[in-house]
Amino acid sequence: MVFQNVDYFIASYAEEYYLSKFIKRDNIIPLPTPTDFEVFRPVKKEAARKRLNLPKDKKILIYTGHLNKLRACDVIIGSFQKLKKMYNLILMIVGASPDDIYYKKAKKAGATTIGFSNIHI
């Protein structure tokens, strides 16, 4: 097994779950996702929609992060294309880069994209 010569793994919480199937949890050091709660804080839905120029009458699906194969973004975009035919909704992608592999596909599907630098509520 590839893992037999490794003493410890540093992994995200999601990775920790999968690694724990193959190695003892004692050998996994969880790496929490740091969040600056001075920047990212709860706001009222109406204020957020107004500030971000989002429609009041639609449900909003939110995806955060890069648009890549590892995160199955092709499935997310395909599902959005099917769901928007049945429901009044939009897909908002936060933090993706125009260089991401599925960025153009997401835009073509009608997704709204917002970079992290654009968000100040």
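1. How much area does the chain expose, and what share of it do carbon and sulfur atoms supply? The chain exposes about 9500 Å², and 57% of this comes from carbon and sulfur atoms; accessible areas follow the Shrake-Rupley method with a 1.4 Å probe.

2. This is a predicted model, in which local features need pLDDT of at least 70 and side-chain atom pairs count only at pLDDT 80 or more, while totals for chains, interfaces and linings use all residues. Residues are numbered from 1 along each chain as its sequence is written, and side-chain values use heavy atoms, with hydrogens and water left out.

3. The chain has four helices and five strands, arranged from the N terminus as β-α-β-α-β-α-β-α-β. Helices are DSSP runs of H or I with at least four residues, and strands are runs of E with at least two.

4. Of the 121 residues, 26% count as buried (under 20% relative accessible area; exposed is over 50%, and partly exposed lies in between, with a 1.4 Å probe and protein chains only).

5. Arg49 belongs to helix α2, residues 45–51. Arg49 is buried but has no salt bridge (a side-chain nitrogen of Lys or Arg within 4 Å of a carboxyl oxygen of Asp or Glu). Asp57, the nearest side chain of opposite charge, is 6.2 Å away. A polar atom of the Arg49 side chain lies 3.0 Å from the backbone oxygen of Lys58.

6. Tyr8 is located in the segment before β1 (9–11). Tyr8 counts as exposed because its relative accessibility is 54%.

How values were computed:
Lys and Arg count as positive and Asp and Glu as negative; His and the chain ends are not counted. A polar contact is a pair of N or O atoms within 3.5 Å; within protein, one must be able to donate a hydrogen and the other to accept it, and residues adjacent in sequence count only if both atoms are side-chain atoms.
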